[in-house]
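These are my notebook entries from one sitting with a single structure. I wrote down each thing I looked up, in the order I looked.

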Amino acid sequence: MGEQVDGDGESGRAVLGRTLRFLREKAGKSLGQLSEETGYDKSYLSRLESGERLSKVTVMEDLDTYYEAGDLLVSHWRVARLDAFKDQYKEFMGLEGTARLMWKFSLVVPGLLQTEDFAREVLSMVQTTADSEESVEEQVAARLGRQYLLRQKPLADARVIIDEGAFRRPAASAKTWSEQILHLEAAAQWSNVTLQVLPFSAGVHHHMSGSLTLLWQKDGSGAAYMEGNGCRELTEDPDDVLRRRLSYDRLRDMALSPSDSLTFIRDLLEE
């Protein structure tokens, strides 16, 4: 059911698993030896090779280093993570993965800036099936993997506007929420991220029902992705993208400046 990545119809996760197994066998290692030398559980490594589990990207970074494989496993992982998302969202994720410029507005803390524990809490709220724990962990891994976009070379330039409401709905755990706010404070100071808060005092605005993401590629082509009220819409039509860009500009005009937004976050930490 994952994204098809080759002529044999293999999912991205299956290709990654096959590559992991190939590298291990080429190195002449058993799963037990690999477990001892890397510190990862043997059964966990086995499930990665069989394509049953999706790891965090840091695991692939560790194994790339172990096998001296450059970024081979990370590259396969970036395709495999799309298996966790629905079709239209996969298309958006593909565009996001190659974007050089990203503008985002969100009513909640966006996945691109969530901590692991905060992401786990948010994703756990919508799981109801018996196998929900494993499903949540896979979605957490995929969500955290998106954050790789903000540190891969060349660095993508990101502007993020977050509605004040996101800061007024804390996580259930005080520790989780404190760490999340600290993470946003740090992100606001990254060289490639501009973070702004849209305050309640700005009043009613035209994106109160959902989020907006604008993406531009190296060749200048753009895309807009809207999500809210159970609906998702992705468009690459130049007129639609321009219209969404103008709506984003209005939000930016209403938002606190980057420096005032950082002050807002620090005041919240003091509270």
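Which residues does L195 touch, leaving out those up to four places away in sequence? I found L113, V160, I162, L184, A188, P258, S261 and I265. I note at the top of the page that this is a predicted model.

**Entry: the cores**

I looked up the largest nonpolar core next. It has 35 residues. M102, F167, L184 and L195 touch the most other members. I then asked which elements supply at least two residues of this core. My list is α6 (87–98), β2 (157–163), α9 (174–187), β3 (193–198), β5 (222–228) and α11 (258–270). Another core lies apart from it, with 22 residues. Among them are L16, L48, L54 and Y67.

**Entry: the sheet**

I traced the strands. There are 6 of them in an open sheet, and the order is β3-β2-β1-β4-β5-β6. The pairing is mixed. Which strands sit at the edges? They are β3 and β6 (231–235), and each pairs on one side only. I also looked up how far neighbouring strands are turned against each other. The average is 10°, with direction ignored.

Then I followed β2. It pairs with β3 in the parallel sense, over 6 bridges. β1 and β2 also run parallel, and 6 bridges join them. I picked out I161 to see this at the level of residues. Its bridge partner in β3 is Q196. I161 in β2 is also the bridge partner of F105. Is β2 mostly covered or mostly open? It is mostly covered, since 6 of its 7 residues are buried.

I added a general reminder for myself. In a regular strand, side chains alternate between the two faces of the sheet.

**Entry: aromatic rings**

I counted the aromatic pairs and got 7. I wrote up two of them.

W103 and W216 form an edge-to-face pair. Their ring centres are 5.0 Å apart, with 70° between the planes. Where do the two residues sit in the chain? W103 is in strand β1 (residues 101–106), and W216 is in strand β4 (residues 211–216). The pair links distant parts of the chain, 113 residues apart. W103 and W216 are both buried.

F167 and F264 come next. Their ring centres are 5.4 Å apart. Their planes stand at 80°, so I put this pair down as edge-to-face. The cut-off for that label is over 60 degrees. This pair links distant parts of the chain too: F167 is in the loop between β2 and α9, F264 is in helix α11, and they are 97 residues apart. F167 is buried, and F264 is buried as well.

I went back to W103 for two more notes. W103, W216 and Y248 form one aromatic cluster. R252 lies over the face of W103, at 5.1 Å from the ring centre.

**Entry: two helix residues**

I stayed with F264, which lies in helix α11. Why does F264 count as buried? Its relative accessible area is 15%, and buried means under 20%. What does it touch, leaving out residues up to four places away in sequence? F264 touches E164, F167, R168, V197 and L256. I also looked up its separation from M208. The two are 56 residues apart in sequence and 21 Å apart in space, C-alpha to C-alpha.

E185 was my second pick. It is found in helix α9. Is E185 buried or exposed? It is buried, with a relative accessible area of 16%. With residues up to four places away in sequence left out, E185 touches L262, I265, R266 and L269. I265 is familiar, as L195 touches it too.

**Entry: a loop residue**

Last, I checked E68. It is found in the loop between α4 (57–67) and α5 (72–80). Its phi is positive, about 55°, although E68 is not a glycine. I marked this because most residues other than glycine have a negative phi. Why does E68 count as exposed? Its relative accessible area is 74%, and exposed means over 50%.

Key. Residues are numbered from 1 along each chain as its sequence is written. Side-chain values use heavy atoms; hydrogens and water are left out. A nonpolar core is a set of buried Ala, Val, Leu, Ile, Met, Phe, Trp, Tyr and Cys residues joined through side-chain atoms within 4.5 Å. Buried means under 20% relative accessible area, exposed over 50%, partly exposed in between (1.4 Å probe, protein chains only). Helices (H or I, at least four residues) and strands (E, at least two) are DSSP runs, numbered from the N terminus. Contact means heavy atoms within 4.5 Å. Rings of Phe, Tyr and Trp (its six-membered ring) pair if their centres lie within 6.5 Å; planes under 30 degrees apart count as stacked, over 60 as edge-to-face and the rest as tilted. A charge sits over a ring if NZ of Lys or CZ of Arg is within 6 Å of the ring centre and within 35 degrees of the ring normal. Two strands pair if DSSP finds at least two bridges between them. Axes are lines fitted to C-alpha atoms, for helices over the stretch in contact, and angles run from 0 to 180 degrees between N-to-C directions.
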